[in-house]
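Reader: I should like to go through the reasoning behind some of the terms applied to this model. Please set each value against its definition.

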Amino acid sequence: MALTFRERFEIPKKYNTWSIGLMAAGLLSVIILFITHGSKADDHVSARFWASLLQNSVYFLLVVNAAMFFICATTLAWGSWALTFRRVTEAISACVPVIGVITFVILMVLVWGPNHVLYHWADSHAAEHDAALKFKSGFLNRGFFTVWTIITIVGWWLLGRKVRHISREIDNRRLSVEEGKRYIWNNTVWSAIYIVLFALTVMSSIPWLWLMSLDSHWYSTMYSWYTFASSFVAACALITIFVVFLKNLGYLELTNREHLHDLAKFQFAFSIFWTYLWFSQFMLIWYANIPEETIYFIKRIGDGSHSGPYRGVFWLTLIINFLAPFLILMTRSSKRNYGTVTMMSVVILFGHWLDFYQMVMPAGSPDHMPFMLLDLGIGAGFVGLIMFVTAKSLAKHPLLAKNHPFLKESIIHHT
Amino acid sequence: MAEKKFVVASFDDEAVLFPAVKQVRRAGYKIHDVYTPMPVHGLDAALGLRDTSLHTAGFFYGLAGTCTALGFITWALTYDWPLNFGGKPFFALPAWIPITFEMTVLFSAVGMVLTFCYLCQLAPFVKKDHFHPRATDDLFVMAIECTDKTNEGEVSDFLNGLGAKEVNTQIKETGWWIGSYADDKKPFQKQVQAVS
């Protein structure tokens, strides 16, 4: 074929202006929030500042990390359709070390610092006189938290880097059939190792440690899956946004409506999966009506006698994370429409940010919902950071994994 | 239904079939249908068939299921026979969601299967004419409907020129009829050649 491809992504000037502007806005929000809340002597006031940092950093870290999960899961399933835009997914996952360091610093300040409003269990005096926290202290203690957090973030970073390296190392040589078989096997093994780490972290222990321990007396077996579903559907939305953006600039010639259709299917399916877990967690607790479990929802939506401060956000997330994608992305034609899918991607990305907001914020501000503008500002800062790092990583490597043995399947992909 | 005359061409290669479909449509002949042994990606688009509305029907079946489940449970548990389950309100919506979900799935699934069978005219004892027995095995069979103005010889030559392995003219029933293979001689009137 005499087709020419634009293999190198050149970062547009305006794009960099935007990403740096967003990062500046984020930094400004952090500073303002620090002055208004973070610097106050009252731990309950400054907790609101830390809750906002925790929510944003953890959310965006899990989202960019889920991009690597997307690669590994499709690799394990031998799903080749995502190969035409694989470099975009890889570039998004390259944000893990950057946001990982930020998240790590925030978590360490919360665990080892003096403010224990958010992580109540980290206060050793409180934990000693609390039967429930004492019982959990084998798992919920500062040492284990720190070690496991380091292992997790470093593991995501190194394994992700390994998977990206495997993909890039064949850019300049064509593989024979035998080499191709070995290459696929190698890819499969490393993806499988990543998935095992992912199962041990995002799908189980990490949401327990980082987020569920904010309500340290409460527990839910649905929680980790719920968090995973949130981050994965948001990652699919993020990938879609970048793919559409690059297509608009004239890159990714081989990615077409068929690929968009499948990305939108992922968003549709995992929005429903998220709702399934949302509802399973809610209904079981509602049905059993055990005080130690219902406390979580009473803090958010309230009970019969009073309404909780977060009920608006709580129900809004259900509408924009379930009803909107369910009804709007249901038909085939809307899943194949660039405009509709892009709009829904933005909505989903924001919706799950909002979901994390109601998961984290009640720990920092239990009595009233704080004004959201500065939290959105910090979120915008992280978006700018992701834009910046992703574009840097995209520009460094060819946009097409052109020697991958399965590439042809992706080019002729048909839904 | 009626019996109609068809020019039937058999192809043994997808790579020949697709350009042939394109040429036949360009020449203005009316393709009755193309019968293939397996689903062929993109053939529906090449034939210019519109997307099926089956899923739209499925949505409304699902909606009907949702309404049936919610309506019946609400009627039964709040109006007809209110029961106190563990101090929950009579209108205990979260507890009904799983049943509502199941009914939605059941209605849409069963409804879509029945609609599919109706659209494809599939049912026990319903019989239809076939153009070529090897359409279920290894041949792609294209049937072109003849009108008053169609010159069969011209169509046959045209199809032969497009790479058809076998071209013939058949008179076939386009509709369906009820029968059983034991009694029904009609599809087997002619000796069917064994595939060698």
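Reader: What phi does N289(A) take just after helix 10 of chain A?
Author: In this predicted model, N289(A), which comes just after helix 10 of chain A, has a positive phi of about 60°.

Reader: How do you know that the span of helix 10 of chain A agrees with its number of residues?
Author: Helix 10 of chain A covers residues 257–288, which is 32 residues. At 1.5 Å a residue it should span 46 Å, and its end C-alpha atoms are 46 Å apart, so the two values agree.

Reader: What makes a residue of helix 10 of chain A, such as W274(A), count as buried?
Author: The term requires 20 or more other C-beta atoms within 10 Å of the residue's own. W274(A) is therefore among the buried residues of helix 10 of chain A, which also include L260(A), F268(A), W278(A) and I285(A). Their cover includes helix 9, helix 11, helix 12, helix 13 and helix 14 of chain A.

Reader: Which part does helix 10 of chain A play in the side of chain A that touches chain B?
Author: Seven residues of chain A are in contact with six residues of chain B. Helix 10 gives the most to that side of chain A, with five residues. The residues of this side divide into five nonpolar, one polar and one charged.

Reader: Why is helix 1 of chain A called roughly antiparallel to helix 2 of chain A?
Author: Helix 1 and helix 2 of chain A pack at an angle of about 155°, with their axes 8 Å apart. Angles over 145 degrees count as roughly antiparallel, so the term applies to this pair. Among the residues making the contact are F34(A) of helix 1 and F49(A) of helix 2.

Terms used:
Residues are numbered from 1 along each chain as its sequence is written. Chains are lettered from A and ligands numbered from 1 in the order in which they are written. This is a predicted model: local features need pLDDT of at least 70, side-chain atom pairs count only at pLDDT 80 or more; totals for chains, interfaces and linings use all residues. Helices (H or I, at least four residues) and strands (E, at least two) are DSSP runs, numbered from the N terminus. The expected span of a helix is 1.5 Å times one less than its number of residues. A residue is buried if 20 or more other C-beta atoms lie within 10 Å of its own, exposed if 12 or fewer, and partly exposed in between; C-beta atoms are placed from the backbone. Two residues are in contact if their C-beta atoms, placed from the backbone, lie within 7 Å. Ala, Val, Leu, Ile, Met, Phe, Trp, Tyr, Cys and Pro count as nonpolar, Asp, Glu, Lys and Arg as charged, and the others, Gly among them, as polar. Axes are lines fitted to C-alpha atoms, for helices over the stretch in contact, and angles run from 0 to 180 degrees between N-to-C directions. Angles under 35 degrees count as roughly parallel, over 145 as roughly antiparallel, 65 to 115 as roughly perpendicular and the rest as oblique.
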